[in-house]
Amino acid sequence: AAAAVASGSCEACLVYRTVSRAGGHSGGEGSRIPPRAVGGDMQFSAPYGNFAAPQWFGMYMRRYMHVYGATEEHFGAVAVTQREWAALNERAIFRDPMTMEDYLTCRYISEPLRLFDCDLPVTGSGAVVITTAERAVDLPHVPVYIDSWAFGTGPRPDWFQWPDMANMGSHHAAPAMWGRSQFKPEDVDTAQVYDGFTIITLQWLEALGFCKLG
């Protein structure tokens, strides 16, 4: 959307996403899971039980632990902290405090990935309007300006084929984004990174340069 507006292809663009995933379901992904027939790249992974995010992130966590010496407590610290901040939101689904013991005693989903390492199925919608800086000055709300953006998926077509499973696409996107920006990591006051799984939180913080690898 930002590229479309910046290029003059449009003056305003509505960006939205709606997710409908009740607990225990996976939206429209049911047709990809055995024993139903699967096609495309999933035919090479689904028959072996590798068909969902917990399997992928479990492998990434295991490799990350091997390369950098991380422990389950490190991932637990992320989960416990996330719960602490979530509890401040009166609309949060889970607001009860979580302890490290709670984390370490919850069941494995795809070892070493535990239940509290996982993204929570929710139903909700979000929308953002992207427009030019010139148009934004006439709007009733103070605009948020986009300084830089980047897209990076990495060298391989699928997650489990990467040569370095200790890192993800964020390590390709982040350098490109900073390369186009007037700012650097030390200029950032608030980082709102995607935190669906605990391993993703650590990977984004490292990829964006807020801390060293591992």
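Biologist: Let's start at the surface: about how much area does the chain expose?
Modeller: This is a predicted model, in which local features need pLDDT of at least 70, side-chain atom pairs count only at pLDDT 80 or more, and totals for chains, interfaces and linings use all residues. Residues are numbered from 1 along each chain as its sequence is written, and side-chain values use heavy atoms, leaving out hydrogens and water. Carbon and sulfur atoms supply 55% of the exposed area (Shrake-Rupley method, 1.4 Å probe; for residues, only the protein chains shown count as cover). The total exposed by the chain is about 14000 Å².

Biologist: What share of the residues count as buried?
Modeller: Buried means under 20% relative accessible area, exposed means over 50%, and partly exposed is in between (1.4 Å probe, protein chains only). The chain has 214 residues, and its C-alpha atoms fill a box of roughly 55 × 40 × 35 Å along the principal axes. The share that counts as buried is 27%.

Biologist: Which pattern do the helices and strands follow along the sequence?
Modeller: Helices (H or I, at least four residues) and strands (E, at least two) are DSSP runs, numbered from the N terminus. The chain has 7 helices and 4 strands. Read along the sequence, their pattern is α-β-α-α-α-β-β-β-α-α-α.

Biologist: How far does helix α2 reach from its first C-alpha to its last?
Modeller: Helix α2 covers residues 53-68, which makes 16 residues. The expected span is 1.5 Å times one less than the number of residues. For α2 that expectation is 22 Å, and the model comes close to it, with a reach of 22 Å.

Biologist: Which elements are among those that cover the buried residues of α2?
Modeller: The buried residues of α2 include W56, F57 and Y60. Contact means heavy atoms within 4.5 Å. The cover includes α3 (72-86), β2 (108-110), β3 (113-114) and α7 (198-207).

Biologist: And which residue with a positive phi follows α2?
Modeller: Most residues other than glycine have a negative phi. The residue after α2 has a phi near 75 degrees, and it is G69.

Biologist: Which two residues meet in a salt bridge?
Modeller: A salt bridge is a side-chain nitrogen of Lys or Arg within 4 Å of a carboxyl oxygen of Asp or Glu, and a search of the whole structure finds 1. One partner lies in helix α3 and the other in strand β3, so the pair ties together parts that are 42 residues apart in sequence. E72 counts as buried at 15% relative accessibility, and R114 does too at 7%. With 2.9 Å from N to O, the partners are E72 and R114.

Biologist: Which residues make a cis peptide bond?
Modeller: Most peptide bonds are trans. Here, though, omega is about 10 degrees at a bond whose proline, P112, is found in the loop between β2 and β3. The cis bond joins E111 and P112.

Biologist: Is S148 buried or exposed?
Modeller: S148 lies in the loop between α5 (133-136) and α6 (170-180). Leaving aside neighbours within four places in sequence, S148 is in contact with M177, R180 and S181. At 17% relative accessibility, S148 counts as buried.

Biologist: How far is the backbone oxygen of M177 from a polar atom of the side chain of S148?
Modeller: A polar contact is a pair of N or O atoms within 3.5 Å; within protein, one must be able to donate a hydrogen and the other to accept it, and residues adjacent in sequence count only if both atoms are side-chain atoms. For M177 and S148, the distance is 2.7 Å.
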